[in-house]
Amino acid sequence: MNKTLLDQQAIQRAISRMCHEIIESAKGTTDLVLAGIKTNGIFIAQRIAEKIAQIENVKIPVIELDISDFRDDMRKTSNNFTIAKNLNNLKVVIVDDVLFTGRTVRAALDCILTNYRPQKIALAVLVDRGHRELPIRADFVGKNIPTSFNERVEVQLSEIDNQDLIQIVSD
Ligand code: 5GP
Ligand code: MG
C-alpha cells in the first residue's frame, strides 16, 4: 500500500521554506556552501541553490559528497574521494533527501572534517523519518514523516523519475 505524503507542489513549497530558513539562519548568503550527499541530496541541493538564486540573486556553490568510503557499516572499497572546493571557514549546509539512522550524515561529517575546518556545518533534509541511532538532528526539515522501522519513504524526483512525489511504501 502506498500513501502519498508530498506532491510536486508540496515539495516545492517545503524547499522554498527551507531556503528562507537557511538564509535567515546564515544571516545572508556570504560564505554559504551546499554539500549534497550523492545522489538525491545533490539534486535537492541544486534545487535549493536555484531557489536561493531567485530569492537573493546570489549563486551559492553546490558540491557533491560521495560518502560511500566513510560509512561505518559498509565495507571500504577504496580511499579516494574528492571535495571539489576548499571548505575552510565556510558555512556548509549538508543536504540529503531522507534522514534515518544518521549514519550517512555522520559519514558526511567525517568526509568534510578529515580535510577541512568549516566555520559551521548545518544539515538540511527533505524528509526526517525518525529512528536515529546517533546524536544527529537536522537544522532544516522539509517534512517530518514518522515511519515504522520497516517502512520506506519513496522519494521520486523529476531529475531521475520524471515526477516529484514522496510516499510511504509498505509491503
Ligand atoms: P541513514 O544513514 O540516516 O540511516 O539513512 C539515510 C540515507 O539512506 C540517505 O542518504 C537516504 O537517501 C537513505 N534512506 C534511508 N531511509 C530511506 C527511506 O526511507 N527512503 C529513501 N528514499 N531513502 C532512505
Ligand atoms: Mg541517499
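Here are some questions and answers about this predicted model.

User: Let's start with the sheets. What is the strand order of the five-strand open sheet?
Analyst: Good place to begin! The pairing in this open sheet is parallel. Its edge strands are β3 (62-65) and β6 (140-144), and each pairs on one side only. From one strand to the next, the twist averages 25°. Reading across the five strands, the order is β3-β2-β4-β5-β6.

User: How many bridges join strand β2 to β4?
Analyst: Strand β2 covers residues 32-37 and runs parallel to β4. As an example of residues facing each other, glycine 36 stands opposite valine 95 in β4. The number of bridges that join β2 to β4 is five.

User: At what angle does helix α1 run to β6?
Analyst: Helix α1 is made of residues 8-25. It lies across β2, β4, β5 (120-128) and β6. Its angle to β6 is about 150°.

User: Now the open sheet of three strands: which strands stand at its edges?
Analyst: This sheet has the order β1-β8-β7, with antiparallel pairing. A strand at the edge has a single partner strand, so one side of it is left without a neighbour in the sheet. That describes β1 (2-6) and β7 (152-156).

User: In β8, which residue is the bridge partner of glutamine 156?
Analyst: Let's look at the strands before the residue. Five bridges join β7 to strand β8 (residues 165-169), and the two run antiparallel. In β8, the partner of glutamine 156 is leucine 165.

User: Is aspartate 96 buried or exposed?
Analyst: Aspartate 96 sits in strand β4 (residues 91-99). Leaving aside neighbours within four places in sequence, it is in contact with residues including Ile37, Gly41, Ala124 and Leu126. Its relative accessible area is 8%, and the cut-off for buried is under 20%. Aspartate 96 is therefore buried.

User: And aspartate 139: what is its relative accessible area, and how is it classed?
Analyst: Aspartate 139 is found in the loop between β5 and β6. Not counting residues up to four places away in sequence, it touches Ala122 and Leu123. Its relative accessible area is 36%, so the class is partly exposed.

User: Which side chain makes a polar contact with the side chain of aspartate 139?
Analyst: There are two partners to meet here. The side chain of aspartate 139 reaches the backbone nitrogen of leucine 123 at 2.8 Å, but that is a backbone atom. The side-chain partner, at 2.8 Å, is arginine 137.

User: How far apart are the C-alpha atoms of aspartate 139 and glutamate 64?
Analyst: Along the chain, these residues are 75 residues apart. In space, their C-alpha atoms are separated by 19 Å.

User: How many residues surround ligand 1?
Analyst: The closest are Asp96, Asp97, Thr101, Thr104 and Val153. A nitrogen atom of ligand 1 is 2.5 Å from a polar backbone atom of valine 153. An oxygen atom of the ligand lies 2.7 Å from a backbone N or O atom of glycine 102. The count of surrounding residues is 13.

User: Which residue has a side-chain N or O atom 3.0 Å from an oxygen atom of ligand 1?
Analyst: For glycine 102, the atom facing the ligand belongs to the backbone. The side-chain atom at 3.0 Å belongs to arginine 129.

User: Last one: how many disulfides are there?
Analyst: Cysteine 19 counts as buried at 0% relative accessibility, and cysteine 111 counts as buried at 1%. A disulfide needs a pair of cysteine sulfur atoms within 2.5 Å. By this rule the count is zero.

Methods
Residues numbered from 1 in each chain as written. Chains lettered and ligands numbered in written order. Predicted model: local features only at pLDDT ≥ 70, side-chain atom pairs only at ≥ 80, totals over all residues. Heavy atoms only, no water. Helix = DSSP H or I, 4+ residues; strand = E, 2+ residues; numbered from the N terminus. Buried < 20%, exposed > 50% of the residue type's maximum accessible area, 1.4 Å probe, protein only. Contact = heavy atoms within 4.5 Å. Pairing = 2+ DSSP bridges. Near = heavy atom within 4 Å. Polar contact = N/O pair within 3.5 Å; in protein donor to acceptor, adjacent residues only side chain to side chain. Axes fitted to C-alpha atoms, helices over the stretch in contact; angles between N-to-C directions.
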